[in-house]
Structures are given as C-alpha cells and as structure tokens.
Amino acid sequence: MSKKNIIILSSVVVIVALIFTGVYYYQATHFNRNITINNTNVGGLTADQALNKLKTTVSKNVVYIGDKQIYDGKDTKMGFTTQDLSEVKNILKEQRTFLPTSKAKNYELSPSKTDQKQSQTIKKKVEEKLKSMNKDLKAPKDAEARLEEGKIVVSKSVNGEQYDIARLLKDFQKQAHNSEIHLNPIYKQPVKANSQIIKQEKKILKELVNWTVDYKLQNQPYSFKGSEVIKNVSISKDMKYKIDTNDIKKKLDNLNRSKSTLNKNYTFKTHSGKVISVKGGSYGWAIDLDAETKRIEQAFEKGNKSILAYNIYGVGWNTNGIGYHTTSNNGIGDTYAEVSIKDQRIWIYKNGKLQVTTHVVTGTHVYNEDTPKGVWYIEYKDSPSTLTGSEVGNPNYSVKVDYWAPFTTSGCGFHDAKWRKNWSNTAYIKNGSGGCVNTPPNVMKKVYDNLEQNEPVVIY
C-alpha cells in the first residue's frame, strides 16, 4: 500500500472514531428524541435542561378515560426542584442507547415537593365521578351456580359497561404526577361460568344435596335428606346459602301432625278399664314450625349431622309444651289425675298405682258451669289460698281454702270446700261449683300431696 493510501485510510479511521465518540458522548448526555417524563417531552435535552423544563411545567390536572375528559382541575406546579436532578440523571442512564432511537417511552417521576393533599383530593374527585357515571351504566351480570328443582344449573355471565373503579384508581396513582392523566378504559368483569368461583359453588351445592340432618324429636331421630327437602338454593358472593325452606317445613309439619299431642284427642283407659277418647284441654305439645325450620336450615348450612328439637310450645299456664318428654300411655304417662263427671269421683295415680280416690262435686250443670272436659295439667299449687272470681248468683266472691291446685287459666282447679253441705252424686246438676272440683276437706290434703305441677288431669 502506498504512503498516500495509508494517510487516507488513517484519516478515515480518525474521522469515524471522532464521529462515534461524538455520538457516544451525545447519547450519554442527552435524552433520546421521544422520551417523556411525566408525559413532558424531554427529547434531545440534557439532564439539567430536562429538569429546568420540568420545573416550569404546569400540571393541568386533567383526567381522561380514553378520549373522554372526566375531570378538569386548577393548574398547579409539578413541584420539581434541584433535589430531583439525581433522579433525572438516573432516568437519562436508563433510557440511554448506543445509537439514537425514536422509540417512545414515558418515565414516571415523583417530584421532591409533591403536594400529596392536592393529589388525594383529585383522586377522591375522580372516584366520585366514576361512581356517578357507573350509576347510569349497565352493570355486568355474574354467572351463578344454583339449585333449581333439585338440579344444579349455571347461568351465563353478561358483560356490562361499568368501569372498574379500583383498577382505574391504581392506574391514576401511577400517573398522579402527570400534567394530564390518560386512563385506559377498564371495565368490571363478570364472574365467568368456567371460573373457579363457579366450580366452588357447584361443589357446595352438591355437598348440600348429599347432606342429611337427623332431627331428634322425643329422642327419636327423623332424617331430613338434602336430596328430599332442599330443591332450590342460591349462593351469595360470600358463599352463604339462601335455601328455599318450603320442603323442610312441609316435612316438619307432617312430623308435627303425626307426633304432637296439643289440641288432639287422647285415647284413655279409665279406672274401669273402658277405653275412651278425650277431647280438649291444654295439656300437650307441638313444634314451632317457623323456628324449627330455621334451625334445620342452619344445620344444613353449618354441616351439623343432628340437632335436638328445641322450640316446643304448649298453652295454658306453662307454654313450654307440657308432656313432651312423656311417651307412654298415649302421651299422658302413668302419673295423672282422673276425673269422672258422671261418677262425681276422682282417682289419682302415681307411676300407675292408685294413691287416692274420693267422691267430689264438679261444676253446676244447669248453669253451664260444668267443669271443662279434656286433658289439662296442674298449673301450680298453693296452700293456703284465697279464691276470687264470679259464678252464677255470686258475681264477686272471695273465699279462703286450705289447698288449691288449678288446672285451667280460667280458674278451675281442685280445692277443699268446707262450706259445702251437699256431697251427693247429683249435687253437681243444680248445686255444683263454679267449675272447680270441690273435694271433701277430710281428704283434700292427701289429694293435694299427690298432685304435682305439670301432671295431667283427665276430665271426661
């Protein structure tokens, strides 16, 4: 190679090196053309120049969703100071490329003197605006798994037009220091039919249908199978059941009609061995259908395998269902008082054994003050006691007795009657009591001692 050619080649190498050195230096000290910081263009500027531009840039505090402006606040300074130079230089290094590029990129930088209060105020305003807009927009409809007539069905989801406010506010927070904030529309998404949530709902419904709750009534279990008594169920977003309890209530009502004793006729064997049917009275029990249906529903919801009957009611002085724990002798048991109006006599039994029997005088028949027939129960005992009330010929009486054991809330009961002269078997027809069972004073204490609260009183 000639000397001339060597000189030319060397010159070219030097020129190229100088060009590359210049480009490298420029790239190291200047931002690429389409670089922005907080959406402020700093392309071609040095770090100092970029900071100076940021210092003078005014934040318009305008918020857009797509092309739609939803908020326009007062202009404010961004709050950049010389303290932010190091961060600007860091961005300069990060965006640097060996050769110039036109690739656009925006960097978010929080000013050292950020007005947090102003930012939070704008965020709150934007949130309020989005909530207001959503009221007029169609909400998405989630897919739902539910039980319909015993079958699990899943409804389809439907897209809506409402904005996903939570996600938009997160996007807002990222752009909070921009002069203009441009949010991409993000919409609420419905729960899809193939989502994990729906799979979980279907699993819950299947378990519910296959569950059985044993309802123990008088210590006898009666099975409530989910497949039989649960036909329609919906599930809330917090995975709680809403069970249609109609079939639970129907089964419980059938059980109540079959097993309860309140207001039913009692089959009773008298002292003579004759079997009779006794109707009326206040003795007996029944199931509170509404309260117990709710408890069975809750047992299914909580996964309980069995529950004891609890809400049992009765009438009269005690409303807790007298006789619920008695199953022998057609629900009356073997401890009771028997009153025969025809025979004008009573018999008192303890555990099936006769303790005392005596003639008595019951309510006056001709004045319709008959001692009420039916199965009642001893409400309480009182000794001594003062009886007050009214009867035919005596509208306002008050008498003292040594022993008093009422069995109706209307004031009928057993008591001694020292004033009575006529104790014949026919006295009750025209000269009976006002409805009570008058008992001879010489035997009343024994009668009283063999009567206990809540024990049955069979009157026929």
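These notebook entries record what I looked up in a predicted model.

**Entry 1. Sheet 2-1-7**

I began with an open sheet of three strands, ordered 2-1-7, in which the pairing is mixed. I noted strand 2 (40–41) and strand 7 (105–107) as the edge strands, each pairing on one side only. I then looked up how strand 1 (residues 35–37) is joined to strand 7: the two run parallel and share three bridges. For Ile 35, I found Lys 105 as the bridge partner in strand 7. I also recorded helix 3 (residues 85–95), which lies across strand 1 and strand 7 and runs at about 155° to strand 7.

**Entry 2. Asn 38**

Staying with this sheet, I turned to the loop between strand 1 and strand 2, where Asn 38 lies. Its phi is near 55°, a positive value in a residue other than glycine. Is Asn 38 buried or exposed? I entered Asn 38 as buried, because its relative accessibility is 0% and the cut-off for burial is under 20%.

**Entry 3. Hairpin of strands 8 and 9**

I next examined strand 8 (residues 145–148) and strand 9 (residues 151–154), which pair in the antiparallel sense over four bridges. Across this pairing, Glu 148 stands opposite Lys 151 of strand 9. The hairpin has two residues between its strands, and I noted a positive phi near 50° for Glu 149.

Which side chains of strand 8 point to the buried face? I found Ala 145 and Leu 147 pointing to one face and buried, whereas Arg 146 and Glu 148 point to the other face and are not buried. I set this beside the general rule that side chains in a regular strand alternate between the two faces of the sheet.

**Entry 4. Helix 8 against helix 9**

I looked up the packing of helix 8 (residues 246–259) and helix 9 (residues 289–302), whose axes come within 10 Å and cross at roughly 125°. The two helices are therefore oblique to each other, since an angle over 145 degrees would be needed to count as roughly antiparallel. I recorded the crossing of helix 8 with helix 9 as right-handed.

From helix 8, the residues that meet helix 9 are Ile 248, Lys 249, Leu 252, Asp 253 and Asn 256. From helix 9, I listed Leu 289, Asp 290, Glu 292, Thr 293, Ile 296, Glu 297 and Phe 300. Sorted by class, this contact holds five nonpolar, two polar and five charged residues.

**Entry 5. The cis peptide bond and Lys 445**

I checked the peptide bond from Ser 383 to Pro 384 and found it cis, with omega near -10°. Pro 384 sits in the loop between strand 23 (374–377) and strand 24 (385–391).

I then followed Ser 383 to Lys 445: these residues are 62 apart in sequence, and their C-alpha atoms are 9.8 Å apart in space. Lys 445 belongs to helix 11. I entered Lys 445 as partly exposed, because its relative accessibility is 45%.

**Entry 6. Asn 454**

Last, I examined the loop between helix 11 (441–449) and strand 29 (456–459), which contains Asn 454. Asn 454 is not a glycine, yet its phi is positive at about 75°. How does Asn 454 count in terms of relative accessibility? At 27%, I recorded Asn 454 as partly exposed. I placed this entry beside that for Asn 38, which counts as buried at 0%.

Note on methods
Residues are numbered from 1 along each chain as its sequence is written. This is a predicted model: local features need pLDDT of at least 70, side-chain atom pairs count only at pLDDT 80 or more; totals for chains, interfaces and linings use all residues. Side-chain values use heavy atoms; hydrogens and water are left out. Axes are lines fitted to C-alpha atoms, for helices over the stretch in contact, and angles run from 0 to 180 degrees between N-to-C directions. Angles under 35 degrees count as roughly parallel, over 145 as roughly antiparallel, 65 to 115 as roughly perpendicular and the rest as oblique. A crossing is left-handed if the near helix is turned anticlockwise from the far one by less than a right angle, and right-handed if clockwise. Contact means heavy atoms within 4.5 Å. Ala, Val, Leu, Ile, Met, Phe, Trp, Tyr, Cys and Pro count as nonpolar, Asp, Glu, Lys and Arg as charged, and the others, Gly among them, as polar. Two strands pair if DSSP finds at least two bridges between them. Buried means under 20% relative accessible area, exposed over 50%, partly exposed in between (1.4 Å probe, protein chains only).
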